[in-house]
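Work through the following exercises with the model at hand, and try each task before reading its solution.

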Amino acid sequence: MKFYDREKEQNELRRIRQLAYDDMSRMTLLIGRRRIGKTVLIKHTFEELGDMLYLFVARKSESELVATLTDNLREQTDMYIPDGLKSFVALLRHLFEQGKHQSFTLVLDEFQELMNINPSVFSDIQNLWDAYREKTHINLVISGSAYRMMQKIFMDKDEPLFNRADLIIRLQPFRTEVLKQIFADYNPNYINDDLLALYTITGGVPKYMTWLLDNGYVTKEQMYEGVFSENSHFLEEGRTLLVSEFGKNYGTYFSILQEISSGNNTQAQIEQRLGGISVGGYLKALEETYTVIKKERPAFAKKESKTVRYSLNDNFLRFWFRYVEKNRSMIEIQNFEGLTRLALKDYDTYSGIVLERYFRQQLAESAEWREINAWWRSKVIVYKGQQIDAEVDIVALPVEGKKALVAEVKRKKEEYKHELFMHKVDYLRQTDLNKYHIETRLLTLDDM
């Protein structure tokens, strides 16, 4: 896949580089989940400038790591690198000394691995940075994937590198417009249901899109067959992403995430499904420490409201827990054909839920709205003598003004019941939106 988008991030990276060269050293922190394209972004931004030193921190003994990095530096630059360096800090000190005389970009990729190699190294790096920053012209770019560890290293006030970064970039999946641009390049005649399948599986994560599109999987059926195949990268990807983050308690975390992905998204439902065990602490960690899930409250609910549903932040993980982890036994007996049929049979139901997520993201990207949520209440609404759920897919409040958007999301127009929807809108008009002018929309596959 060719390089797409990321203009804003590239501009920021180049701006900080120039400040480092013109003034004094700067530290940039680039954080993002695995497969999001951090390394690709770094190399695309700096390689052509000809002054980048790229060091990948692999998990090995410190002496082995330093020996490998020394060899890598000698391949990349004519800069003198002495023999006999034994510690990572000694190598870094030598590079900082060179920074007194020349300007360059130094990239430390997968920086969090130093915590597994030598946890005491961060105090030494802090001392080096504080001592050399104003004397050198180094553009230091630190990249990391393990969110929990990167958060601890740089954002925990008790840690030595707290508050040292001059710029923090949190790399996100591709925006919906970029997703469509990329898909059109691979499949100019795509239909929106295929686009939705791509979003359902990948969520706009670049590497996942590459795994599908570069292999010619450009229709819904082809994508599902590619994901659920013997040599698919996707089958172990969720485990690869999360086990190293969660540690020995990953089993309980996995069970919780699987329940949420299956629609059991309140604490009470999860605890009931897991035999009554208390999951409050796990949910808190998943939300605040690992940022894998988020609380969803209905529009207009107060922050302290206990009306909460949990959802996975990541489209791929939602998909993986719902179909791969849940059906691990089918994978073990290599029944990939059966698993593909099972997932495709569920596609209309599951993708309808994801379509709501797509439109919320699309609305957020428009920068017109300050709040975008679903709306629901525990009470019911009476419609034509029948009780119906008090629930609306999207309520969006404007950045300014009093024009609110209330939208119903359906895969197909034929599924939409206008009178029923307008009955809910009238209820909203009399209650939570009584101070707003309401615009209503039906959003379907045709509107993607």
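**Exercises on two sheets, a pocket and two loops**

In S9, Leu397 is the bridge partner of Glu371. The model is a predicted one, in which local features need pLDDT of at least 70 and side-chain atom pairs count only at pLDDT 80 or more, while totals for chains, interfaces and linings use all residues. Residues are numbered from 1 along each chain as its sequence is written, and side-chain values use heavy atoms, with hydrogens and water left out. Helices (H or I, at least four residues) and strands (E, at least two) are DSSP runs, numbered from the N terminus.

**Exercise 1.** Place the pair Glu371 and Leu397 in its sheet, and find the strands at the edges.

*Solution.* Start with the pairing: S8 and strand S9 (residues 386-398) run antiparallel and are joined by 10 bridges, where two strands pair if DSSP finds at least two bridges between them. Next, extend the view to the open sheet of 4 strands, whose order is S8-S9-S10-S11 and whose pairing is mixed. S8 and strand S11 (437-443) each have a single partner strand, so one side of each lacks a neighbour in the sheet, and these two are the edges. From one strand to the next the twist averages 30°. Finally, add the helix: H20 (residues 418-430) lies across S8, S9, strand S10 (403-409) and S11, at about 105° to S8; axes are lines fitted to C-alpha atoms, for helices over the stretch in contact (heavy atoms within 4.5 Å), and angles run from 0 to 180 degrees between N-to-C directions.

**Exercise 2.** Describe the parallel sheet and the helices that lie on it.

*Solution.* The order of this open sheet of 5 strands is S2-S3-S4-S1-S5, with parallel pairing. Its edges are strand S2 (52-56) and strand S5 (167-170), because each has a single partner strand and is left with one side free of a neighbour in the sheet. On average, neighbouring strands are turned by 15° against each other, direction ignored. At one edge, S2 is joined to strand S3 (residues 104-109) by 5 bridges in the parallel sense, and Leu53 stands opposite Leu106 in S3. Helix H2 (residues 38-46) packs on the sheet, where it touches strand S1 (26-31), S2, S3 and strand S4 (138-144), and its direction makes about 160° with that of S4. Helix H7 (residues 147-155), in turn, lies across S1, S4 and S5 at about 155° to S1.

**Exercise 3.** Which elements each supply at least two residues to the lining of the second largest pocket, and how do the lining residues divide?

*Solution.* The elements are H19, S9 and S10, and H19 gives the largest share, 5 residues. The lining divides into 2 nonpolar, 2 polar and 10 charged residues, with Asp, Glu, Lys and Arg counted as charged.

**Exercise 4.** Are Gln334 and Ala367 buried, partly exposed or exposed?

*Solution.* Buried means under 20% relative accessible area, exposed over 50%, and partly exposed in between (1.4 Å probe, protein chains only). Gln334 lies in the loop between helix H17 (328-332) and helix H18 (336-345), has a positive phi of about 60° although it is not a glycine, and is partly exposed at 47%. Ala367, in the loop between helix H19 (347-365) and strand S8 (369-383), has a positive phi near 65° and counts as exposed at 60%.
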